[in-house]
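Biologist: Pull up the model, would you? I'd like to quiz you on the ligand and its surroundings.

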Amino acid sequence: MIDLSTTYLGLPLAHPVVASASPLGRALDDIRRLEDAGAAAVVLPSIYEEEVEAEDAITLALVEQGSWTQPEAGDYFPARYRDTGGLEARLETIRRAREACDIPIIASLNGSAPAGWVEFGSEITQAGASAIELNIYRVPADLTESGEQVEQRWLDTVAAVRAAVALPLAVKLGPWLSSPGHFATRLVDAGADGLVLFNRFYQPDIDLVTLTPKPDLQLSSPYEIRQALLWIALLRDRTTASLAATSGVETHAEVVKYLLAGADVVMTASALLRHGPNHIGVLRDRLAEWIEGRGFSDIGAMRGRLAADRLETTEPLLRAQYADILLSFDRDAS
Ligand SMILES: Cc1cc2nc3c(=O)[nH]c(=O)nc-3n(C[C@H](O)[C@H](O)[C@H](O)COP(=O)(O)O)c2cc1C
């Protein structure tokens, strides 16, 4: 069997296919199922900043009321976060997964402000997480807030988490920035050891019966790899940070493309939700077959071959993004 081993955030992995944060990593049995199915590492579903803040509010309320048995105190905790069993349950899942599994367990934090993480970061470390993935996402609905201010808050958040934990730290960011590459380098300067490109956003639809916004989660399609593919290719030889690709993996073809662009690991969520956890082993095996079939000695021989700095010309990578693609569109062929 061809050697697929890779390193991500300084962690040695048997191969580059990682289970991305999703409900498939929620409970201990789910995580073990992913490991048995062949996942090289598992990113757990995010712990939200609001969860940490809400739990702090409960503790405060209980302390102020002088009682640990006030039933009303539970109301401080919004229902959607109560469903996850609270922070202690999340930490317990990390602890038990650490004991039960051999693969790295990556905890995910979702937040956009520096507060709240310092104490919690050390609890995650003690629980035994191998690394932290920080998902920075918030709709900047305040029209007085500039892009620079939004980015600065994210950088401050990364710096706060970096200061709070010694664990390897990856930052999962979205693509909607004026200069994603520049911001990526600033994230690394702020303390990120790795970048996860790109976060996939879930905007609400409108329900025409109730006339209310309605959540509508659509799983991804392979077409969605293009944005991350471009930026991984552009960043590969210009940063020492680990690069993880996320979005649009359906078959081994997308895994291969991300690796050719220069990804250290490729994450998948939608395909596993669609086909079941065993699909991760299929992706790994087909990847090995592809590498062997193309005559590469190992994964290192093909990784980054299409990174921007290794191409004779970046014209097809950059210019073709727009004009050439539009001008070359063949109506009859489509
Ligand atoms: C049902 C569902 C739940 C998810 N939960 C999380 C989460 O808790 N934290 C996170 O950072 N990303 C979460 N994601 C995003 C995935 O980790 C992944 O980045 C995204 O779906 C793109 O990858 P994919 O095309 O393989 O699905 C979730 C995705 C789905 C479909």
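Modeller: Here is a short round of questions on the ligand and its pocket. Mind that this is a predicted model, where local features need pLDDT of at least 70, side-chain atom pairs count only at pLDDT 80 or more, and totals for chains, interfaces and linings use all residues. Residues are numbered from 1 along each chain as its sequence is written, and side-chain values use heavy atoms, with hydrogens and water left out.

Biologist: What makes K172 a polar contact of the ligand?

Modeller: A polar contact is a pair of N or O atoms within 3.5 Å. A polar side-chain atom of K172 lies 2.8 Å from a ligand oxygen, so the pair qualifies.

Biologist: Which distance does the backbone of A21 give?

Modeller: A backbone N or O atom of A21 is 2.6 Å from an oxygen atom of the ligand, and for a polar backbone atom of G248 the value is 2.7 Å. The protein covers 91% of the 610 Å² of accessible area that the ligand has on its own (Shrake-Rupley method, 1.4 Å probe).

Biologist: How many residues surround the ligand?

Modeller: 21, with A21, S46, N135, S220 and S270 the closest; being near takes a heavy atom within 4 Å.

Biologist: Where does the ligand sit?

Modeller: In the largest pocket; sitting there takes more than half of a molecule's atoms within 2 Å of the pocket's grid points. That pocket has a volume of about 1,400 Å³. It is lined by 46 residues, and Y48, N110, R200, Y202 and L217 are the closest to its centre.

How values were computed. Polar contact = N/O pair within 3.5 Å; in protein donor to acceptor, adjacent residues only side chain to side chain. 1 Å grid on protein atoms, 1.4 Å probe; cavity = no way out; pocket = protein on both sides within 12 Å on 5 of 7 lines; lining within 4 Å. Points joined across faces, edges and corners; volume = space filled by probe spheres on them.
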